[in-house]
Amino acid sequence: MSVKGSERMKNRRSTARANLQFPNPRLITHDSRLPFRVGFGNDVHRLVAGRKLILGGVRIPFDKGPQGHSDGDALAHALTDALLGAAALGDIGAHFPDSSPRWRNASSLLFLRHARQLLQKSGFTIVNVDATISLEHPKLAPHIPRMRKKVAAALGIKTAQVSVKAKTGEGLDAVGRGEAIRADVVALIVATS
Ligand SMILES: [Zn+2]
């Protein structure tokens with residue numbers, strides 16, 4: 001091998017090592033020739049008296065709401081984590097620390113809009129998101145169309161790309177006892193640039 005060739009090999013090896021430590025998620029996607037990536041997010045909040053119940057930016061009449069630093073919107077939080085996770089961009093705590101007064105009682109739709117911008121900057125587009133909210137009371141079905149609309153608007157996608165489902169905890173665990181709300185979300189994104 002020529003001197004130049006071995007230099008090149010050395011460079012390639014050190015680049016490969018650097019990529020192992022800090023992989024660019026887009027490059028991995030392109031290498032596999034399948035430009036899709038999936039992400040998962042989950043969020044739980046304790047329900048307490050005197051807090052507003054907000055889900056996907058929609059205010060839902062109820063006598064209890066989630067304890068939390070921001071508005072406690074479990075759906076928006078789990079969504080943000082799913083989207084960041086799909087692009088391997090960390091998690092909601094890293095981008096919006098609890099310690100910052102900036103996010104006190106902030107609308108969590110802000111987090112969604114920020115996640116959307118981060119994805120855009122990284123060359124990704126959202127394909128779809130699918131969420132399940134677990135809550136014993138009240139019934140969420142009448143509010144789901146508005147949640148889908150608000151989430152879609154914050155993410156800059158169509159309502160048809162946002163699925164929101166609701167279920168109870170069947171009287172079991174913290175959700176079932178009416179002490180907690182939980183949201184689980186999967187998101188699919190695609191590299192477009
Ligand atoms: Zn949360």
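These legends accompany close-up views of a predicted model.

**View 1. The whole chain, with 7 helices and 7 strands.** Welcome to the overview. Starting at the N terminus, the order of elements is α-α-β-β-β-β-α-α-α-β-α-β-α-β. Among the 193 residues of the chain, 35% count as buried. Of the contacts with a separation of 6 or more, 73% join residues 24 or more positions apart.

**View 2. Helix α6, residues 144-155.** Take a moment to follow this helix from end to end. Its 12 residues should span 16 Å at 1.5 Å a residue, and the end C-alpha atoms are indeed 16 Å apart, so expectation and model agree. Just after α6 comes G156, whose phi is positive, at about 70°.

**View 3. The buried residues of α6 and what covers them.** Here you can pick out M147, R148, K150, V151, A154 and L155, the buried residues of the helix. An α-helix has 3.6 residues a turn, so residues three or four places apart point the same way. The cover over the buried residues of α6 includes the strands β2 (53-55), β3 (58-60), β5 (124-134) and β6 (162-167), along with the helices α3 (74-86) and α5 (109-121).

**View 4. F96, in the loop between α4 (92-95) and α5.** Do look closely at this loop residue: F96 counts as buried because 20 other C-beta atoms lie within 10 Å, and 20 is enough to meet the cut-off of 20 or more. Leaving aside residues up to four places away in sequence, F96 touches W103 and F111. S70 lies 26 residues from F96 along the chain, and their C-alpha atoms are separated by 9.8 Å.

Conventions:
Residues numbered from 1 in each chain as written. Predicted model: local features only at pLDDT ≥ 70, side-chain atom pairs only at ≥ 80, totals over all residues. Helix = DSSP H or I, 4+ residues; strand = E, 2+ residues; numbered from the N terminus. Buried ≥ 20, exposed ≤ 12 C-beta atoms within 10 Å, placed from the backbone. Contact = placed C-beta atoms within 7 Å. Expected span 1.5 Å × (residues − 1).
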